[in-house]
Amino acid sequence: MAFTNRPPGTNWSHDPEYKRNRKTRRAQAQDANEPCVRCGGAIDYAAKEGPAMWHCGHITDRARGGGHDLANMQSECGQCSVTSGARLGAERRWAGNRKTIQRPATASRW
Ligand SMILES: [Zn+2]
């Protein structure tokens, strides 16, 4: 998974408005136990990583001019958020962790 560094000052995941609204949005989603808007799957609001953790998705992509306002945020599961191309620190950590699981069976046991 390629990851491109943004130029300094453009890393919106550290934007104060984004952080504030993300926190608010998460509290709302958790109260309502919202499922993932993309796959309809249940979200594990206690999870800090993995395919079921809560992700704050943008309804209109940042690349298409979407902003950080609450109305543009939606609940996504980690799986959908990662496959939709979002790049947040948590996803990068998760992508790193994935290397340690699943090793294909080899012929060494023969
Ligand atoms: Zn999903």
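1. Helices (H or I, at least four residues) and strands (E, at least two) are DSSP runs, numbered from the N terminus. Ala27 lies in one of them, helix α1. A residue is buried if 20 or more other C-beta atoms lie within 10 Å of its own, exposed if 12 or fewer, and partly exposed in between, with C-beta atoms placed from the backbone. Ala27 has 11 other C-beta atoms within 10 Å, so Ala27 is exposed. Its C-alpha atom is 9.7 Å from that of Tyr45, 18 residues away along the chain.

2. Some ground rules. This is a predicted model: local features need pLDDT of at least 70, side-chain atom pairs count only at pLDDT 80 or more, and totals for chains, interfaces and linings use all residues. Residues are numbered from 1 along each chain as its sequence is written.

3. Next, confidence. pLDDT is the predictor's confidence in each residue, from 0 to 100. The chain has a mean pLDDT of 79, and 65% of its residues reach 70 or more. Residues 86–91 have pLDDT below 50, yet this stretch has eleven contacts in the model beyond near neighbours in sequence. Two residues are in contact if their C-beta atoms, placed from the backbone, lie within 7 Å. Where pLDDT is low, the predicted coordinates should not be read in detail.

4. The overall layout. The chain holds three helices and two strands. From the N terminus on, the order is α-β-β-α-α. Of the 110 residues, 19% count as buried. Among contacts with a separation of 6 or more, 64% are between residues 24 or more positions apart.

5. Helix α1 spans residues 16–32, 17 residues in all. The expected span of a helix is 1.5 Å times one less than its number of residues. For α1 that gives 24 Å, and the end C-alpha atoms are 25 Å apart, which agrees.

6. Is Ala29 of α1 buried or exposed? Ala29 is found in helix α1. Ala29 is buried, because 20 other C-beta atoms lie within 10 Å. Leaving aside neighbours within four places in sequence, Ala29 is in contact with Glu34, Trp54 and Ser75. Ala29 and Cys56 are 27 residues apart in sequence, but their C-alpha atoms are 9.8 Å apart.

7. Asp31 also lies in helix α1. Asp31 has 9 other C-beta atoms within 10 Å, so Asp31 is exposed. The C-alpha atoms of Asp31 and Tyr45 are separated by 9.9 Å, with their positions 14 residues apart along the chain.

8. What phi does Asn33 take, just after α1? Phi of Asn33 is near 50°, a positive value in a residue other than glycine. Most residues other than glycine have a negative phi, and most peptide bonds are trans. Asn33 sits in the loop between α1 and β1. With 10 other C-beta atoms within 10 Å, Asn33 is exposed.

9. Strand β1 covers residues 54–58, and five of its five residues are buried. Trp54, Cys56 and His58 point one way from β1, while His55 and Gly57 point the other way.

10. Two strands pair if DSSP finds at least two bridges between them. β1 pairs with β2 (residues 73–77) in the antiparallel sense, over five bridges. His55 stands opposite Glu76 in β2. Gly57 stands opposite Gln74 in β2. Four of the five residues of β2 are buried, so β2 is largely enclosed by the rest of the structure.

11. Val82 is found in helix α2, residues 78–83. Val82 counts as buried because it has 21 C-beta neighbours inside 10 Å. Its C-alpha atom is 10.0 Å from that of Gly57, 25 residues away along the chain.

12. Which residues make up the largest nonpolar core? A nonpolar core is a set of buried Ala, Val, Leu, Ile, Met, Phe, Trp, Tyr and Cys residues joined through C-beta atoms within 7 Å. Here the largest has seven residues: Ala29, Cys36, Ile43, Met53, Trp54, Cys77 and Cys80. Within this set, Ala29 is in contact with Trp54. In soluble globular proteins, nonpolar side chains tend to be buried together.
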